[in-house]
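Hello,

Here is the structure I promised to pass on. My notes on it follow underneath.

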Amino acid sequence: MQSSLALTPTNMAAMAYCPRLFFINKTMPQHGFISNLPTVQGNVEHEAWRLLAEAFDVAWREWSPATTLSAISQDSINGTLSHVFNLSLENHPSHALDLKKYMQDLTYRLDLWLAIQEKNMLKLLHEGFSIDHIVSVMLPWKTEEKVFSNKFGLYGRVDAIYNDGIYIIPEDIKTHQSKFKTLLQKDSHKTQLLCYCIMLEENFDIPAPEARIFYTQDLSYETFKANVDEKIQLIEKITTARELIERAEIPPMLPKEDAAKCRHCYAREQCFKLAREQGEIEWIDRLLQGSDQRFDLFGGANHAN
């Protein structure tokens, strides 16, 4: 399959958010990567949770109710977070102070997360499961796993895969600090996770009936069902996305009622530039006030002095 027609879960997430965003990302040159603080913090989170999963898989097998999970996890936490922090400082020294504060917050969240996991482990232990089984179920089977689908022309990398011996569950880590942005991207997240489900089923020949997101900022989880109807809808989206690329015609901008998505879109400037070149100034004026690029909730341009 041509590289332009091969799709990733991230591509499909963009398609669910806005077809125009998908088209811009897929067909137009992107500007250089910007290492802003939220991006750096997100990378820190992903690397920390990946390495902690590997370290906990060893440490937790020594756990018993006589010892707190936090106590047997401290060496793993200290070593992992120290490594991640030092690596981040090497790559992003300008963010040193902010990263130090962020690591303190991450340590606090980890302590809360361990307390939750200990309750879950005690429950499973009382139900008669062995420690080895409990650890194997509660921690990822694989992390940062490359997956693909020859059938649907998809490829990507999933943050974590859980395996209970019957089903496999993909998990994606999200580090959003805004609940509103999370709300705006709910359909995008669902589409992304469903892509992982169909790829995992093709790769491992094990059912993946659901997928979940781990929101690290508030330690919450959101689960999406991957039933037959959901998968059919996803396949239709994949077909539509591929047709957009083949037509090579940029989709229209979102309707006014979805303008909040434009406000929070990372490709907004490039999208608006294209709109101006195509004569869609009136639509832009309904979103922005004057030259300061402030969002106008009620529409209309303010040209008054």
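Arg212 has Thr223 as its bridge partner in β5. Strands β4 and β5 run antiparallel and are joined by six bridges. Two strands count as paired here if DSSP finds at least two bridges between them, and the elements themselves are DSSP runs numbered from the N terminus, with helices (H or I) of at least four residues and strands (E) of at least two.

Before going further, please keep in mind that this is a predicted model, where local features need pLDDT of at least 70 and side-chain atom pairs count only at pLDDT 80 or more, while totals for chains, interfaces and linings use all residues. Residues are numbered from 1 along each chain as its sequence is written, and side-chain values use heavy atoms, with hydrogens and water left out.

**The sheet**

β4 and β5 belong to an open sheet of five strands in the order β1-β2-β3-β4-β5, with mixed pairing. At its edges are β1 and β5 (220–225), each of which pairs on one side only. On average, neighbouring strands of this sheet are turned by 40° against each other, direction ignored; axes are lines fitted to C-alpha atoms, for helices over the stretch in contact, and angles run from 0 to 180 degrees between N-to-C directions.

At the other edge, β1 (residues 142–149) pairs with β2 (residues 154–163) in the antiparallel sense over seven bridges. One of the contacts is Lys142, whose bridge partner in β2 is Ile161. The two strands form a hairpin with four residues between them, and Gly153 in the turn has a positive phi of about 65°.

**The helices**

The axes of α3 and α4 (residues 69–91) come within 9 Å and cross at roughly 150°. The pair is therefore roughly antiparallel, a label used for angles over 145 degrees (under 35 is roughly parallel, 65 to 115 roughly perpendicular, the rest oblique). α4 also packs with α5, at about 155° and with the axes 11 Å apart, so α4 is roughly antiparallel to α5 as well. The crossing of α3 and α4 is right-handed, and the crossing of α4 and α5 is right-handed; that term means the near helix is turned clockwise from the far one by less than a right angle, and anticlockwise would be left-handed.

**Pocket and cavity**

How much space lies in the second largest pocket? About 500 Å³. Of its 29 lining residues, the closest to the centre are Val137, Met138, Tyr162, Glu171 and Arg212. α3 gives the largest share of that lining, six residues. By class there are 18 nonpolar, five polar and six charged residues (nonpolar: Ala, Val, Leu, Ile, Met, Phe, Trp, Tyr, Cys and Pro; charged: Asp, Glu, Lys and Arg; polar: the others, Gly among them).

For the terms: on a 1 Å grid over the protein atoms alone, a cavity is a set of points where a 1.4 Å probe fits but cannot get out, a pocket is an open set with protein on both sides within 12 Å along at least five of seven lines, and lining residues have an atom within 4 Å of a point. Points are joined across faces, edges and corners, and a volume is the space filled by probe spheres set on them.

One cavity of 30 Å³ or more turns up, with about 110 Å³ of space in it. Of the 14 residues lining this cavity, Cys18, Leu254, Cys262, Cys265 and Cys271 are the closest to its centre. Its lining divides into eleven nonpolar, no polar and three charged residues.

Best wishes
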